[in-house]
Amino acid sequence: MPVSSISRLIEGMAADIRSGKLPPGTLLPTHRQLAAQHGIAIASASKVYTRLKAIGLVVGETGRGTFVRDRPQRHEWDGGDEARQSATAVDLSFNHPTWPGQGDLLRRTLRELSLSGDLAALLHQQPPGGRRHERQIVADFLAKSRGIRTEPDGLFLVNGAQQGLDVTTRALLSPGDTVAVDALTYPGFKMLAQVQHLALLPVRGLTKGPDLDALDTLCQRKRVRAIYAMPTMHNPLGWILTVGQRQRLVDIARHHDCLLIEDASYAYLAKKSPPALVTLAPERTLYIASLSKSLASGLRFGFVVTPESYRIPIKATIRANYWSLPSLITAIGTRWIADGTVARQENRMRQEASKRQTIARQVFYGMDVITHPSSLFLWLRLPSELRMDRIATALADRNIAVSKATAYSTTPHAPHALRLGLSSVPMEDLFSVLMQVRSIIEHFPI
């Protein structure tokens with residue numbers, strides 16, 4: 001079959017996948033069947049599937065066949081100019097942990113659950129915040145891996161860290177309340193603050209963390225109800241605050257009677273870090289984390305460690321808004337914690353993050369980059385003559401999706417910078433993809 005004909009077959013199948021005519025999960029013909037259907041050699045059929053796999057539209061599973069991949073387009077998450085990205089875009093905007101054996105692990109776990117004694121219990125509704133024995137599993141994990149000690153009654157299971165943040169702010173804050181945040185902070189917190197009508201007051205950043213003197217002054221001038229912080233592996237800047245910085249932050253919160261909302265979503269990437277804020281100020285700190293950044297973005301399993309005085313409103317808010325996690329998700333998450341899967345995967349992700357950062361440092365040598373050696377993202381400040389929206393558009397034209405500083409900025413004027421996630425691109429492709437980013441920046445017409 002001529003190369004042009006093979007290309008048309010690839011384009012036709014790709015169009016059917018993108019349009020939904022071949023929906024996610026569809027089992028495609030075998031190589032032999034595809035060859036017979038289109039009158040081509042089996043080797044040519046293999047080339048078709050190899051190309052579709054390379055552009056991210058299909059996935060092959062040994063012994064099972066080739067399936068249409070479930071890969072939503074960017075506009076299914078967010079609008080804006082990034083919506084122009086296609087399903088084949090190289091994604092530097094999100095971190096989706098992928099690792100060998102994910103599908104096999106899930107298949108094995110589901111098989112084990114199907115053979116468990118009381119399978120019907122997974123169809124029963126859980127109590128708000130999770131069953132006690134499953135909370136205990138998470139509490140034991142936090143004590144061993146994070147040095148955080150809490151009793152099961154002080155820990156609530158939630159549908160990922162984002163829901164943990166939402167539950168916490170809904171339960172403990174009111175519309176119009178003021179929250180101090182870093183000048184560059186997690187976009188998800190900005191979104192929930194907008195929905196809940198919370199006022200965000202930005203605190204400027206220094207080289208290695210927030211300007212705590214400026215935070216103290218801010219709290220003196222205004223009634224700050226809460227401080228939202230990411231002391232371990234800040235997103236997007238990769239900060240890990242020192243013991244001294246953490247103690248100063250706690251002192252400010254106590255002096256001005258502020259809640260501390262500690263987002264530890266990426267904290268697992270720091271193998272050794274100073275004590276969590278929740279261990280320094282357990283009476284006022286809400287500690288929130290999940291398995292989404294280490295294990296799988298679709299495993300919506302998170303947890304909130306809560307001071308005793310706030311447990312009743314937190315539980316009431318969980319009950320009023322969603323009652324409990326799906327029992328199946330809880331069973332999978334706690335099983336993987338208990339059998340060591342999560343600990344092994346977190347260790348693997350730390351090693352991989354270090355390798356990816358090494359590649360990124362090589363590519364962006366001499367450029368203005370802020371990151372941490374074991375982070376899964378980096379902050380790339382653009383030359384003063386370049387605008388981030390124009391660079392992002394140029395990258396989009398090359399089918400590379402990135403995040404702009406506007407998503408992270410809490411100040412009226414965002415810096416011209418990009419946040420690049422490093423974990424969603426295959427390791428073997430990362431160097432070339434990042435080189436494309438550098439090339440576009442260096443050769444962009446002024």
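**Notebook: patch, cores, salt bridges and backbone**

I began at the surface, where Leu106, Leu110 and Leu328 make a nonpolar patch of about 220 Å². I placed Leu106 in helix 4, which runs over residues 102-114, and I noted a relative accessible area of 36% for Leu106, which makes this leucine partly exposed.

Since this is a predicted model, I looked up the confidence before going further. The protein has an average pLDDT of 91, and 95% of the residues score at least 70. Residues 74-85 are another matter, with a pLDDT below 50, although this stretch has 23 contacts in the model beyond near neighbours in sequence. I leave the details of that stretch alone, because predicted coordinates should not be read in detail where pLDDT is low.

Next I turned to the interior. The largest nonpolar core holds 36 residues, and Leu92, Phe364, Leu420, Leu434 and Val437 are those with the most contacts inside it. Two or more residues each come from helix 13 (341-363), strand 12 (377-381), helix 14 (388-397), strand 15 (417-421) and helix 15 (427-442). Helix 15 gives the most to this core, namely six residues. I then asked which residues Phe364 touches, not counting those up to four places away in sequence. I found Val369, Leu378, Leu380, Leu420, Leu434, Val437 and Arg438. Another core lies apart from this one and has 28 residues, including Phe141, Leu295, Phe301 and Leu325. For context I recall that nonpolar side chains tend to be buried together in soluble globular proteins.

I went on to the charged pairs, for which the count comes to 18 salt bridges. Glu134 and Arg131 meet through their side chains at 3.1 Å, N to O, and Glu134 is buried, with a relative accessible area of 4%.

The side chains of Asp153 and Arg132 form a salt bridge at 2.7 Å, N to O. Asp153 sits in the loop between helix 5 (132-146) and strand 4 (155-158), whereas Arg132 is in helix 5, and the two are 21 residues apart. Both ends are partly exposed, Asp153 at 41% relative accessibility and Arg132 at 48%.

Arg146 and Glu346 make a salt bridge at 2.8 Å, N to O. Arg146 lies in helix 5 and Glu346 in helix 13, so this pair ties together parts that are 200 residues apart in sequence. Here I asked whether Glu346 is buried or exposed. Glu346 is buried, because its relative accessible area of 3% falls under the 20% cut-off, whereas Arg146 counts as partly exposed at 23%. I also noted one network, in which salt bridges that share partners join Arg254, Asp257, Glu283 and Arg284.

Last I checked the backbone, bearing in mind that most residues other than glycine have a negative phi and that most peptide bonds are trans. The peptide bond from Asn235 to Pro236 is cis, with omega near 25°, and Pro236 lies in the loop between strand 7 (226-229) and helix 9 (243-255). Met233, which also lies in the loop between strand 7 and helix 9, has a positive phi of about 65° although it is not a glycine, and counts as buried at 1% relative accessibility. Asp257, a member of the network noted above, has a positive phi of about 55°. I found Asp257 in the loop between helix 9 and strand 8 (259-263), where it is partly exposed, with a relative accessible area of 45%.

Conventions: Residues are numbered from 1 along each chain as its sequence is written. This is a predicted model: local features need pLDDT of at least 70, side-chain atom pairs count only at pLDDT 80 or more; totals for chains, interfaces and linings use all residues. Side-chain values use heavy atoms; hydrogens and water are left out. Patches are made of residues with over 30% relative accessible area and no salt bridge: like charges are joined within 9 Å, nonpolar side chains (Val, Leu, Ile, Met, Phe, Trp, Tyr) within 5 Å. Accessible areas come from the Shrake-Rupley method with a 1.4 Å probe; for residues, only the protein chains shown count as cover. A salt bridge is a side-chain nitrogen of Lys or Arg within 4 Å of a carboxyl oxygen of Asp or Glu. Helices (H or I, at least four residues) and strands (E, at least two) are DSSP runs, numbered from the N terminus. Buried means under 20% relative accessible area, exposed over 50%, partly exposed in between (1.4 Å probe, protein chains only). pLDDT is the predictor's confidence in each residue, from 0 to 100. Contact means heavy atoms within 4.5 Å. A nonpolar core is a set of buried Ala, Val, Leu, Ile, Met, Phe, Trp, Tyr and Cys residues joined through side-chain atoms within 4.5 Å.
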